[in-house]
Amino acid sequence: MLDNINTGTIVVEDLEVGMTRSLTKIVTDQDIEMFAQVSTDRNPVHLDDTYAQDTIFEGRVAHGMLTAGLISAVIGEQLPGHGSVYLGQTLRFMAPVRPGDAVEAIVEVLSIDYSQRRVELKTIARVGETVVLKGEATVLAPSGKFD
């Protein structure tokens, strides 16, 4: 399940501090396996139930960067959207994401430098009320002046 609403582009001239966009996705076993294939990260904490039971997580967890990828999806599809260029991202992983969890990725505009087209974004992912990831991103937003 992927609820990626409001796809497209919000050009820098139309951005405002406080704007938010989000998406929700249920992380499946197939998502975790595909991410392991693409990233080549086959750590058994993600893929092997027996192994993962004996870790601090007491069960399998999704790759942290899979969750971070949902933040990227919001930035690239919604806020600012198509034409955005990632310049940087800080991440803090706060809690595990497990197969079957519905992860909500949320992006909020913190500040805008209109002359440089640089936008600072607050980035959060949560499962229910539990924050599983938080950080900040800097992006170069598309401009209507160049369309």
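Me: How much of the accessible surface of the chain belongs to carbon and sulfur atoms?
Reply: Heads up, this is a predicted model, where local features need pLDDT of at least 70, side-chain atom pairs count only at pLDDT 80 or more, and totals for chains, interfaces and linings use all residues. Residues are numbered from 1 along each chain as its sequence is written, and side-chain values use heavy atoms, with hydrogens and water left out. The accessible surface (Shrake-Rupley method, 1.4 Å probe; for residues, only the protein chains shown count as cover) totals about 7900 Å². Of that area, the carbon and sulfur share is 51%.

Me: In what order do the elements of the chain run from the N terminus on?
Reply: Count the pieces first: there are four helices and five strands. Helices here are DSSP runs of H or I with at least four residues, strands are runs of E with at least two, and both are numbered from the N terminus. Reading along the chain, you get β-α-α-α-α-β-β-β-β.

Me: What share of the contacts in the chain between residues at least 6 apart in sequence join residues at least 24 apart?
Reply: A contact means heavy atoms within 4.5 Å. Take the contacts between residues at least 6 apart in sequence, then pick out those joining residues at least 24 apart. That share is 66%.

Me: How far apart are the mean positions of the positive and negative charges?
Reply: Lys and Arg count as positive, Asp and Glu as negative, while His and the chain ends are skipped. Each charge is placed at NZ of Lys, CZ of Arg, CG of Asp or CD of Glu. With 12 positive and 21 negative charges, the gap between the two mean positions is 4 Å.

Me: Is Val-12 buried or exposed?
Reply: Val-12 sits in the segment before β1 (20-26). Beyond residues up to four places away in sequence, Val-12 touches Ile-112, Tyr-114, Arg-117, Val-119, Ala-141, Pro-142 and Ser-143. Buried means under 20% relative accessible area, exposed over 50%, and partly exposed in between (1.4 Å probe, protein chains only). Because its relative accessibility is 2%, Val-12 counts as buried.

Me: How far apart in space are Val-12 and Thr-50?
Reply: Along the sequence, Val-12 and Thr-50 are 38 residues apart. For scale, the C-alpha atoms of the chain fill a box of roughly 55 × 25 × 25 Å along the principal axes. From C-alpha to C-alpha, Val-12 and Thr-50 are separated by 49 Å.

Me: Which residue does a cis peptide bond join to Leu-79?
Reply: The omega angle of this bond is about 0°. The partner's place is in the loop between α4 (64-77) and β2 (85-93). So look right after Leu-79, and the residue joined to it by the cis bond is Pro-80.

Me: What is the phi of Glu-58?
Reply: You'll find Glu-58 in the loop between α3 (49-53) and α4. Glu-58 counts as exposed, because its relative accessibility is 60%. Although Glu-58 is not a glycine, it has a positive phi of about 55°.

Me: And what is the phi of Arg-117?
Reply: Arg-117 is in the loop between β3 (102-113) and β4 (118-127). At 22% relative accessibility, Arg-117 counts as partly exposed. Arg-117 is not a glycine either, yet its phi is positive, at about 65°.

Me: What distance separates the C-alpha atoms of Asp-113 and Met-94?
Reply: Asp-113 belongs to strand β3 and is partly exposed, at 33% relative accessibility. Met-94 is 19 residues from Asp-113 along the chain. In space, their C-alpha atoms are separated by 30 Å.
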